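Here is a short briefing to read alongside the sequence and the 3D view. Have both open, and we will go from the strands to the aromatic rings and then to the chain as a whole.

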Amino acid sequence: MKTVAEFEKVSYQEFKNSFKGLGYIEDPDKLEYSLSEFYDKIKLPERKTSGSAGHDISTSLPVSVPAGESLVVPTGLKCRMEEGYVMLIFPRSSLGIRFQMMLTNTVGVIDSDYYGAENEGHILISVTNNGNKEINLFNGTRFAQAVFVPYGVAAGSGGTEKRTGGIGSTGG
């Protein structure tokens with residue numbers, strides 16, 4: 001099996017800042033609990049079996065998604081990958097089947113140059129609860145999976161600009 005990527009934690013400062021930008025918390029420094037406790041427990045994704053294509057991604061803190069609503073989950077993770085590969089993110093099948101949880105954008109696409117973005121390449125995953133009951137994911141719950149896939153490009157398709165940000169940073 002060829003190794004094409006390596007997961008890492010983002011800095012604590014980036015992890016903390018991500019909560020401000022998502023509207024979770026106005027001032028993360030005034031929390032009743034310490035975000036650093038959750039940060040310290042972030043698990044790097046792993047494959048559970050030798051034949052698994054998916055690297056399981058866990059929640060970095062407890063998450064509750066009310067029925068019919070969506071929530072962006074900061075993972076605390078970034079990933080360095082070889083050029084010519086893309087990381088695709090899917091929900092774990094069991095959560096989709098049991099709770100009708102899906103990714104809000106259906107499939108997350110993380111490009112190899114996202115690692116160097118201004119937010120350190122922090123992987124944020126938006127989930128939607130299409131069920132009729134609240135979904136509660138405890139800290140460390142495996143909720144998504146990352147699969148690495150090689151890709152090609154079309155002749156004359158451009159792609160000469162340097163990435164600076166994340167979601168919507170390339171226009172749109």
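In which sense do strand 6 and strand 8 pair, and over how many bridges? Strand 6, residues 85-91, pairs with strand 8 in the antiparallel sense, and 4 bridges join them. Please keep in mind that this is a predicted model.

**The open sheet**

- Strands 6 and 8 belong to an open sheet of 4 strands, whose order is 2-11-6-8 and whose pairing is antiparallel.
- Strand 2 (55-58) and strand 8 (108-111) stand at the edges with a single partner strand each, so one side of each has no neighbour in the sheet.
- On average, neighbouring strands of this sheet are turned by 30° against each other, with direction ignored.
- To find the pairing of strands 6 and 8 in the view, look for Ile89, whose bridge partner in strand 8 is Gly108.

**Strands 1 and 5**

- Strand 1 and strand 5 run antiparallel and are joined by 5 bridges.
- A handy landmark here is Ala5, which has Met81 of strand 5 as its bridge partner.
- Strand 5 spans residues 77-81 and is mostly covered, with 4 of its 5 residues buried.

**Aromatic pair between strands 1 and 11**

- The model holds 4 aromatic pairs.
- One of them is formed by Phe7 and Phe148, a tilted pair with 5.8 Å centre to centre and 55° between the planes.
- Because Phe7 lies in strand 1 (residues 5-9) and Phe148 in strand 11 (residues 142-150), this pair ties together parts that are 141 residues apart in sequence.
- Phe7 has a relative accessible area of 10%, so this residue counts as buried.
- Phe148 is buried too, at 16% relative accessibility.

**Aromatic pair between helices 1 and 2**

- Phe15 and Tyr39 also form a tilted aromatic pair, with 5.7 Å centre to centre and 50° between the planes.
- Phe15 sits in helix 1 (residues 12-21) and Tyr39 in helix 2 (residues 35-40), so the pair ties together parts that are 24 residues apart in sequence.
- Buried or exposed, where does Phe15 fall? Phe15 is buried, and its relative accessible area is 0%.
- Tyr39 is buried as well, with a relative accessible area of 14%.

**Around Tyr39**

- Tyr39 and Phe15 are members of one aromatic cluster, together with Tyr12 and Phe19.
- Which residue lies over the face of Tyr39? That residue is Lys9, at 4.1 Å from the ring centre.
- Tyr39 therefore appears in three settings: a tilted pair with Phe15, a cluster of aromatic residues, and a ring face with Lys9 over it; the pair with Phe15 ties helix 1 to helix 2.

**The chain as a whole**

- The protein chain has 3 helices and 11 strands.
- Along the sequence, these elements follow the pattern β-α-α-β-β-β-β-β-α-β-β-β-β-β.
- Of the 172 residues in the protein chain, 39% are buried.
- Taking contacts between residues at least 6 apart in sequence, 78% join residues at least 24 apart.
- The accessible surface of the protein chain is about 9,900 Å², and 50% of that surface belongs to carbon and sulfur atoms.

Methods. Residues are numbered from 1 along each chain as its sequence is written. This is a predicted model: local features need pLDDT of at least 70, side-chain atom pairs count only at pLDDT 80 or more; totals for chains, interfaces and linings use all residues. Side-chain values use heavy atoms; hydrogens and water are left out. Two strands pair if DSSP finds at least two bridges between them. Helices (H or I, at least four residues) and strands (E, at least two) are DSSP runs, numbered from the N terminus. Axes are lines fitted to C-alpha atoms, for helices over the stretch in contact, and angles run from 0 to 180 degrees between N-to-C directions. Rings of Phe, Tyr and Trp (its six-membered ring) pair if their centres lie within 6.5 Å; planes under 30 degrees apart count as stacked, over 60 as edge-to-face and the rest as tilted. Buried means under 20% relative accessible area, exposed over 50%, partly exposed in between (1.4 Å probe, protein chains only). A charge sits over a ring if NZ of Lys or CZ of Arg is within 6 Å of the ring centre and within 35 degrees of the ring normal. Contact means heavy atoms within 4.5 Å. Accessible areas come from the Shrake-Rupley method with a 1.4 Å probe; for residues, only the protein chains shown count as cover.
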